[in-house]
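Welcome! Have a look at the model below, and then let us walk through it together.

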Amino acid sequence: MLARDGRAQSTTIGEELGLSGNLVANRIRAMDAAGQMRVVAVSDFRIHGYRMLARIRLQVSGRAPLDVARELAARDHVLSVHITSGRYPVSCLYAFHNAREMIEAARDVSAGIGGVEDVDVELLNNVYRYIPAVGPLGA
Amino acid sequence: MSITTPEYPATDPLDRDIATMLAEDARLSFRKIAADLGVTEGTVRGRVKRLQAAGLLKLAPIVDIARGRDPGASGQHLMFVTIKCVSGKLEQVRDSLLAMSRVSALYDANAALRLIAVFVLSSLEEAAEATNAVLSLDGIREAETELVLSTIKYNAAVGPIATLEDLATPPVVSDD
């Protein structure tokens, strides 16, 4: 029911499931507190003034990818950072207000983070599907 | 290539402030948001409706990937697949990917020269099956799969979420 309406009232959910509103509210709170489930309000990056979003992937040499990933994660406007199994072990989603910011960020990541051997920048254009159902909430 | 990006709906700082407050607590009352931002509750309600209708704001439960989507599940895996398509085949490949239920997000990148798909998978066997399914598609020149091994940073509140379909059907919702 929350998937249909993330703001559905506990009493409404309870009525439909034959449970008390209090019980539903407690369950939602408990799942949230345990980090199992969170009702999120995810908004498009453009609402926040960003105009461009890029996936930037890094090839790393002579340094642990985890250290590179942590250094990258500390930068402003980096929305997410993952360690992956691919030839680019560090992958991030980076938001920009304009093209100049993107160019400067790519240059800065390449020259300013030790161990970065190669940078692959992919500017996202169109979104064909986005289903917020599962996420690494513990990160 | 016939893919064009529709005009993006105008938003303003009030939309941003509402989205930011909801990002902190998606179930925060509209009354509280209105009081904090100095507008009426009706304005907040109208703005949220409009943003949702435009696909710019989604309110939904997210299950922690370490625990899985279903009760008792041991966890799920994220896999990114980057695909370079044979010239003129991007739309065909895109539609095939959209038919796959495990694809939770799909984007095109670099002037529609690449597709990036995000798969949510229950096991490594499913990852192998998904990889096979992608590589079997007609129109693929090159495909690269990356399993997410760990997540260092994750912003659940901001992302590329407004789909072409959302943008192509502008909402008709008044402010109040």
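## A walk through the two chains

B:Ser150 has its place in strand β5 (residues 140–154) of chain B. Helices here (H or I, at least four residues) and strands (E, at least two) are DSSP runs, numbered from the N terminus. With 13 C-beta neighbours inside 10 Å, B:Ser150 counts as partly exposed. A residue is buried if 20 or more other C-beta atoms lie within 10 Å of its own, exposed if 12 or fewer, and partly exposed in between, with C-beta atoms placed from the backbone. Between the C-alpha atoms of B:Ser150 and B:Ala128, 22 residues apart along the chain, the separation is 19 Å.

Before going on, please keep in mind that this is a predicted model, where local features need pLDDT of at least 70 and side-chain atom pairs count only at pLDDT 80 or more, while totals for chains, interfaces and linings use all residues. Residues are numbered from 1 along each chain as its sequence is written, and chains are lettered from A and ligands numbered from 1 in the order in which they are written.

**Chain B as a whole.** Chain B has 6 helices and 6 strands, and from the N terminus on its elements run α-α-α-β-β-α-β-β-α-β-β-α. Of its 176 residues, 34% count as buried. Among the contacts in chain B with a separation of 6 or more, 62% are between residues 24 or more positions apart; two residues are in contact if their C-beta atoms, placed from the backbone, lie within 7 Å.

**Two helices that cross.** In chain B, the axes of helix α1 (residues 13–24) and helix α3 (residues 41–53) come within 10 Å and cross at roughly 90°. That makes α1(B) roughly perpendicular to α3(B), a term for angles of 65 to 115 degrees (under 35 degrees is roughly parallel, over 145 roughly antiparallel, and the rest oblique). Axes are lines fitted to C-alpha atoms, for helices over the stretch in contact, and angles run from 0 to 180 degrees between N-to-C directions. On the α1(B) side, B:Leu14, B:Asp15, B:Ile18 and B:Ala19 meet B:Val44, B:Arg47, B:Val48 and B:Leu51 in α3(B). The residues of this contact divide into 6 nonpolar, no polar and 2 charged. Here Ala, Val, Leu, Ile, Met, Phe, Trp, Tyr, Cys and Pro count as nonpolar, Asp, Glu, Lys and Arg as charged, and the others, Gly among them, as polar.

**A barrel built from both chains.** Which strands close into the barrel? There are 8, in the order β2(A)-β4(A)-β3(A)-β5(B)-β2(B)-β4(B)-β3(B)-β5(A), and the pairing is antiparallel. Neighbouring strands of this sheet are turned by 35° against each other on average, direction ignored. Helix α4(B) packs on the sheet, touching β5 (116–130) of chain A together with β2 (77–85), β3, β4 and β5 of chain B. The direction of α4(B) makes about 165° with that of β3(B).

**An open sheet shared by both chains.** A second sheet, an open one of 4 strands, has the order β6(A)-β1(B)-β1(A)-β6(B), with mixed pairing. At its edges are β6 (134–135) of chain A and β6 (158–159) of chain B, each pairing on one side only. Helix α1(B) packs on this sheet, where it touches β1 of chain A together with β1 (57–64) of chain B. Strand β1(B) is mostly covered, with 6 of its 8 residues buried.

The table lists some strand pairs from the two sheets; two strands pair if DSSP finds at least two bridges between them.

| Strand pair | Sense and bridges | Partners opposite each other |
|---|---|---|
| β1(A) and β1(B) | antiparallel, 7 bridges | A:Met37 and B:Val63 |
| β1(A) and β6(B) | parallel, 2 bridges | A:Asp44 and B:Gly159 |
| β6(A) and β1(B) | parallel, 2 bridges | A:Gly135 and B:Asp64 |
| β3(A) and β5(B) | antiparallel, 5 bridges | A:His82 and B:Thr151 |
| β2(A) and β4(A) | antiparallel, 7 bridges | A:Arg55 and A:Leu93 |

**Where the chains meet.** Altogether, 61 residues of chain B are in contact with 52 residues of chain A. The largest share of the chain B side, 10 residues, comes from β5(B). The residues of that side divide into 38 nonpolar, 10 polar and 13 charged.
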